Amino acid sequence: MSIFETRGITKRFGGLTAVNDLTFTVNKGEIFGIIGPNGSGKTTVFNMISRFFPITAGEIYFNDKRIDTLPAHEICKIGIGRTFQVVKPLRRMTVQENVMAGAFLRTGSISKARQKAEEIINFCNLENYKFRASKGLPIPLRKRLEIARALATEPQLLLLDETCAGLNPKESEAAIELIRRIRDTGITIIIIEHIMKVMMGISDRILAINFGKEIAMGKPQEVANHPEVIKAYLGEAYA
Amino acid sequence: MLNKKNMLMTIVFALIALVLPLVINAPYQQHILILVLIWATIGTAWNLLSGYAGQVSFGHAAFFGVGAYSAGILTLHYSLSPWWGLILGPVMSMLIALPIGAIAFRLRGPYFALATLALGEIFRLVFLNMTEFTNGAKGILIMPSITSKIIYYYAGLGMLAVTLLVTYLIVHSKIGYYLVSIREDQDAATSLGIPTTLYKNLALLPSAFFTGLAGAFYMNYVAFIDPNIVFNLTNISIMVILVVMLGGVATTWGPTIGAALYIIMGELFRTTLGSANVLVFGVLVCLIIMFLPNGIAGELDIIKRIAQRKKAGLSGGV
Ligand SMILES: Nc1ncnc2c1ncn2[C@@H]1O[C@H](COP(=O)(O)OP(=O)(O)OP(=O)(O)O)[C@@H](O)[C@H]1O
Ligand SMILES: [Mg+2]
C-alpha cells in the first residue's frame, strides 16, 4: 500500500534542472533508498518534499492528499519529518531542548514534551549527552540528534539525508541499527546514502538518479547491477 | 526553571525594590531609580524579540515614541488624562507592530535589523512634520497631576514587574522554546513544523506592547516629549541594545541589571567627569561588552552552570 507518491516532479534553478520529471511511489513501512552521484539532485528531492522551495512542475501526494502546495511548516505537521545532510542543530540548546523543540509539535505542555524527549533520547541512545549543548557534540552524535529531533515530531514518513556520511564503520553500523529500529516502529523511511553497501543492506527498494533523472529503480540487487548505475558511479569503461 | 533558589532571589530583589525609595529619599536619586525602571522595562521588552527570538531590532524607539505620543496626544487634543495613555499607548504600539511584522519578517538576517532601523527614523520624521497633530518639533508639554516621585516609582515598579512576569511566562512556555529554536536555526525550526513568521510575531507584539507602555509612562512622568527625544535612534533604539548587552542578552534579569548599571554609571560619570563623561562612559561600556560578551547575568549563569556540573560530576558542554 502506498503512503507517498511523486508524479513528474521537476526543479529548475535558473538554467539548471536539478530534478527532472521524477515519478516514484513509496510503500507504507518500507525503507526506500535514493542513490546517485554527487550533485545528482538527491537533496533537492527532499527539499521539494519538505517544501523548502516551491517545485517547478509535478505533484506530490502523501496519504493520497496533494501536499506540494502546503507551506513548509505544515509538511511536518501532516507527518513528514526530515534530517539535514549538513546538520542543523539548535546550537546553543541542549540535546534535550533540541528534541523537546520537536516534541512541541504534538503538545503544548512542557512536562509532556520533556517526557516525550526523554523517550526519544533513550531510543536513540543519546541519554549520556542530554544536557550537552548541541553545538559541542561530535558529528556522529549531531547526526543522531537530527534523527531524534525529527522523531519527536511523530512522523509517519521520515526523510534521512546521508545520516551515515562521515561516520566510521562502527558508527555507521550503529546508525543503521537505529534506522532499522525506527522502521520497526512502523515509520516509513526514505533514505539518501552514498555508501552502496549501506544502501544495499538496508533498503527494500532503491531509486537511482543521475542529473536529476531516474536511471534505475527496483530491488537493491537489480539496481546495483544495472548498467546505467555502474556507468554513473564508475564511468563508461565499466558498463 | 523556577527552582527554590530562583524564587528566593526574586523575593529578595522584590523586597529590596519595595523598600528602596524609603531608604533613598532624595528626589534626584529617586529620579534615577525611576529612569532605571523605565529602561529595565524597555530592555526586557526588547530582549523578548531580539534576545530570545533573535530578531534584532534597531527601531524600538518607534514603539516607545508611539506609546509616549499616545499619552501626549490624548491630553493635547482630547483633554483626557495622560494616564489613559497607559492603555492606549501599548495598544497603538502593537497596532503599528502588526504591519511591520507582516512585512519585515519576510526578510531574513540583517534585513530585519535594517528595516527596523529605518522604521524608527521614519516615525521621527513623520511626527516632526505632522505638526497639526503632534505639535512637531515644539513637542508636547503636559501638567502632571501627580508630582510625588514615590508614586511614580511604585507605578514604574509595577510596570516592570508585569513586564518581567509576562516575558518570563512566555519564555518558559512552548512559545519560548519555539522562539529560541527560530533564533538558533530557522531552517531546522521550520523542519520541526514551527510556523516561524507567526512565532516571530508572537515575540514582536508583546515586545511592542511593553515598550509602548514604557513610552506612555515616560510621558506621564517627564511631562514633556518631542520627536527628537522619544524617536531617538542613539538615545533609545541603540541604548536599549547596549543596556541589554551589558546585563545579559536572553536572560531574565539581564535587562534590569543592565539598566541599573547603565543609568547609574552614566549619571555618576556625568556628574563627576564633566564633558569627558560620554567618552569615558562609551569606552567603559565597550570594555565590559568585550570582556563579558554574555553580559553580567549571562556570565553569572555560565559560572553557575559550570559549578553545578562540577557538583553533578558531568563533563563538557557549555
Ligand atoms: N538552492 C539551490 N540553488 C541553486 N542550485 C542548487 C540549489 N540546491 C541545489 N542546487 C544544485 O542542484 C544540483 C543538485 O544538488 P543536490 O544537493 O540535490 O545534489 P545531491 O545529489 O544531494 O548531492 P550530494 O551527494 O553532493 O549531496 C547541484 O548542481 C546543486 O548545485
Ligand atoms: Mg545531498
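Trainee: How does E5(A) count, as buried or exposed?

Mentor: As buried: the relative accessibility of E5(A) is 19%. The cut-off matters here, because buried means under 20% relative accessible area. Keep in mind that this is a predicted model. E5(A) sits in strand β1, residues 2–13 of chain A.

Trainee: With which side chain does the side chain of E5(A) make a polar contact?

Mentor: With that of R7(A), at 2.9 Å.

Trainee: In what order do the strands of the open sheet of 4 strands stand?

Mentor: A strand order is read across the sheet, from neighbour to neighbour. Here the order is β2-β1-β4-β5 in chain A, and the pairing is antiparallel. β2 and β5 (65–66) have a single partner strand each, so each is an edge strand with one side lacking a neighbour in the sheet. At one of those edges, β4 (residues 57–62) and β5(A) run antiparallel and are joined by 2 bridges. To find the register, look for a bridge pair: Y61(A) is partnered by R66(A) in β5(A).

Trainee: How many residues of strand β8 of chain A are buried?

Mentor: β8 covers residues 188–192, and 5 of its 5 residues are buried. The general idea is that side chains in a regular strand alternate between the two faces of the sheet. Each face can then be checked in turn. In β8(A), T188(A), I190(A) and I192(A) belong to one side, I189(A) and I191(A) to the other, and all are buried, which leaves both faces covered.

Trainee: Which strands are joined to β8(A) by bridges?

Mentor: One is β3 (residues 31–35) of chain A, which runs parallel to β8(A) and is joined to it by 4 bridges. Here G33(A) faces I191(A) across the pairing, and I34(A) stands opposite I192(A). Another is β7 (residues 157–161), also parallel to β8(A), with 5 bridges. I191(A) turns up again in that pairing, as the bridge partner of L160(A). Between β7(A) and β8(A) the chain passes through helix α6 (residues 169–184), and this β-α-β crossover is right-handed.

Trainee: What about β3(A): how many of its residues are buried?

Mentor: In β3(A), 5 of 5 residues are buried. Taking the faces in turn, I31(A), G33(A) and I35(A) are buried on one side, and F32(A) and I34(A) are buried on the other. β3(A) also runs parallel to β9(A), with 4 bridges between them. There F32(A) has R205(A) as its bridge partner.

Trainee: To which strand do 5 bridges join β9?

Mentor: To β10 (residues 213–218), which runs antiparallel to β9 (residues 205–210). N210(A) stands opposite K213(A) in this pairing. The two strands form a hairpin with 2 residues between them, and F211(A) has a positive phi near 50°.

Trainee: Which residues come nearest to ligand 1?

Mentor: Of the 14 residues around ligand 1, the nearest are N38(A), K42(A), T43(A), T44(A) and Q85(A). When reading a binding site, list the neighbours, then look for polar pairs. Oxygen atoms of ligand 1 lie 3.2 Å from a backbone N or O atom of S40(A), 2.8 Å from a polar side-chain atom of Q85(A), and 2.9 Å from a side-chain N or O atom of H194(A). Next comes the area: ligand 1 taken alone exposes 640 Å², of which the protein buries 63%. Two elements of chain A, β2 (16–27) and α1, give two or more residues to the shell. α1(A) provides the largest share, 3 residues.

Trainee: Which residues coordinate the magnesium ion?

Mentor: For a metal site, name the donor atoms and their distances. The magnesium ion, ligand 2, is coordinated by OG1 of T43(A) and OE1 of Q85(A), at 1.9 to 2.1 Å. T43(A) belongs to helix α1 (residues 42–49) and Q85(A) to the loop between β6 (80–82) and α3 (95–103), so the pair links parts 42 residues apart in sequence. Do not read the short donor list as a full set: water is not among the atoms, so sites may look incomplete.

Trainee: What relative accessibility do T43(A) and Q85(A) have?

Mentor: T43(A) has a relative accessible area of 24% and is partly exposed. Q85(A), at 33%, is partly exposed as well.

Definitions and conventions:
Residues are numbered from 1 along each chain as its sequence is written. Chains are lettered from A and ligands numbered from 1 in the order in which they are written. This is a predicted model: local features need pLDDT of at least 70, side-chain atom pairs count only at pLDDT 80 or more; totals for chains, interfaces and linings use all residues. Side-chain values use heavy atoms; hydrogens and water are left out. Donors are N, O and S atoms within 2.8 Å of the metal (3.2 Å for Na, K and Ca); water is not among the atoms, so sites may look incomplete. Buried means under 20% relative accessible area, exposed over 50%, partly exposed in between (1.4 Å probe, protein chains only). Two strands pair if DSSP finds at least two bridges between them. A crossover is right-handed if, with the strands pointing away from the viewer, the path from the first strand over the helix to the second runs clockwise. A residue is near a molecule or strand if one of its heavy atoms lies within 4 Å of it. A polar contact is a pair of N or O atoms within 3.5 Å; within protein, one must be able to donate a hydrogen and the other to accept it, and residues adjacent in sequence count only if both atoms are side-chain atoms. Accessible areas come from the Shrake-Rupley method with a 1.4 Å probe; for residues, only the protein chains shown count as cover.
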